[in-house]
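Please walk through this structure with the sequence at hand. The text takes up the metal site, then the open and closed spaces, then some single residues.

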Amino acid sequence: MNWKVEQLPIYELSTGDTFSIKTYTLSNGVGPHVHIQASVHGAELQGNAIILRLMEQLKAEDLQGSITFIPLANPLATNNKHGTYTFGRTNPHTGDNWNRNYTDIIEKTDFDIKEFCSKNLDKDWQQIKSAFKIELENLFKDHISQLQSSHQLSENNYLNLILQKTAAKADVILDLHTGPIATEYLYCAHYEKEIAKYLNFPYVLFMPDEFAGAMDEAAFSPWIKLKESLAELGKEIELDVYSLTCELGSEEVFSMTSQSDQLEGIINFLKFNKVLSGEIQTYPYKSCELSDYKTYQAPHGGLVDYKLSPYDTFKKGDTLCSTYKLNKLDPTNPIASTKFDLIAQEDGLIINRCPSSAVQKGMELYQVMTNISSSE
Ligand SMILES: [Zn+2]
């Protein structure tokens, strides 16, 4: 088995120099294709540690199929430093979130999926899958060159389309991210509900099977449309193309020893997909619907004393944090005159917390799960 390494130029800077990404592909025989990328948000580094450890692990595994890794998938974002901080979530030129500008390729190109289904209706699912992957790859190729020739290709668009084109032939797509100060959690579409238990994330957010701009949705939505179109023609299939976003703790952190449970889960998930061989396990998790995953925005600007951290649970009536507004300071009563408590309106569990204590009104303080279910 040999690694194939490809370098793809992504940005051309004002100096004329280029930033590239590298893809590392290992193949062996016939089997599913896996696409794993990390650091589309430039400060979210931990996925690279998982990729290194996974590549190391592959030395001892019997791979069946192929796997492509893209570490440091967004060099412009990772290299965008402000002091010691990495400004990696949005494009500094446009303000666009790097993970909200993917393309719904079927809709964008007016691909006639009904015609594709009618033409391929007599084939078995594996044959339809192979034919559809080729169509997808060609749609991305044509769409990119059409945007290029009409001078309509923006920075975000280009990176996102190249990543989508690379992932078009994949059966399993894992987009590795982190939160700000965060737990380990998984974004999982409703159609994937049954497979969350193979991945070993303590928290799972179940989201609609719909496109809203992120990589996970962009990768699964053509397949959802294919499944629906086939069903309309009377052919029911069990969709076995999976696309998930894995959140691996906190941003700005790179550790070769952390998130071992999630690494084990990803290896287990590759076994479930028959890319690796071995016994498959299941893991317990807590979950909620995306509509019950809430962002608490700061009701005041000020200096925040956070009372809770990721993994903490809270009850209705608990104090989540206290904000001190120093422009209200009465020197005869300094603490009481400046302190404003944020009180929980419901029970929940902290998934993410803002890393800064200097917050402006309306900034994200916490992201929390509510209406939580347990898998066991
Ligand atoms: Zn992210």
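**Metal site, pocket and cavity**

The lining of the largest pocket takes at least three residues from each of two domains, domain 1 (3–283) and domain 2 (294–374). The model is predicted, and the volumes, angles and accessibilities below are computed from it.

The largest pocket has a volume of about 920 Å³. It is lined by 38 residues, and those closest to its centre are E44, R89, P180, E364 and Q367. Several elements give two or more residues to this lining: strand 6 (85–86), strand 7 (172–179), strand 9 (184–189), helix 7 (215–232), strand 11 (242–250), strand 13 (293–297), strand 18 (348–353) and strand 20 (364–369). Strand 20 gives the most, with four residues. Sorted by class, the pocket lining has 16 nonpolar, 13 polar and nine charged residues.

E44 also belongs to the metal site. The zinc ion is coordinated by ND1 of H41, by two OE contacts from E44 and by ND1 of H177, at 2.0 to 2.6 Å. Why is the site of the zinc ion described as irregular? Its four donor atoms make angles of 54 to 145 degrees, and four donors would count as tetrahedral only if all angles lay between 85 and 135 degrees. For comparison, the ideal angle for four tetrahedral donors is 109.5 degrees. Along the sequence, the donor residues of the zinc ion follow the spacing H-x2-E-x132-H. H41 sits in the loop between strand 3 (33–38) and helix 1 (46–58), while H177 is in strand 7, so this pair ties together parts of the chain that are 136 residues apart in sequence. Are the two histidines, H41 and H177, buried or exposed? Both H41 and H177 are buried.

The model also holds a closed space. The count of cavities of 30 Å³ or more comes to one, and the largest cavity encloses about 90 Å³. Its lining consists of L136, F140, Q164, A167, A168, A170, I173, M215, A218, A219, P222 and W223. Helix 5 (125–149), helix 6 (155–167) and helix 7 each supply at least two of the lining residues, with helix 7 giving the largest share, five residues. By class, the cavity lining has eleven nonpolar residues, one polar residue and no charged residues. Helix 7 is also among the elements that give two or more residues to the lining of the largest pocket.

Another residue of helix 7 is I224. I224 counts as buried because its relative accessibility is 7%, and the cut-off for buried is under 20%. The C-alpha atom of I224 is separated by 13 Å from that of K133, a residue 91 positions away along the chain. Y293 lies in strand 13, one of the elements of the pocket lining. Y293 has a relative accessible area of 10% and is therefore buried. Between the C-alpha atoms of Y293 and F314, 21 residues apart along the chain, there are 14 Å.

Two loop residues have positive phi values without being glycine. N200 has phi near 60 degrees and is placed in the loop between strand 9 and strand 10 (203–207). K274 has phi of about 65 degrees and is placed in the loop between helix 8 (260–272) and strand 12 (286–289). N200 has 13% relative accessibility and so counts as buried, whereas K274, at 63%, counts as exposed.

Notes
Residues numbered from 1 in each chain as written. Predicted model: local features only at pLDDT ≥ 70, side-chain atom pairs only at ≥ 80, totals over all residues. Heavy atoms only, no water. 1 Å grid on protein atoms, 1.4 Å probe; cavity = no way out; pocket = protein on both sides within 12 Å on 5 of 7 lines; lining within 4 Å. Points joined across faces, edges and corners; volume = space filled by probe spheres on them. Nonpolar A, V, L, I, M, F, W, Y, C, P; charged D, E, K, R; others polar. Domains from an automatic or database assignment. Donors = N, O, S within 2.8 Å, 3.2 Å for Na, K, Ca; no water. Tetrahedral: all angles 85-135°; square planar, octahedral: opposite > 155°, others 65-115°. Buried < 20%, exposed > 50% of the residue type's maximum accessible area, 1.4 Å probe, protein only.
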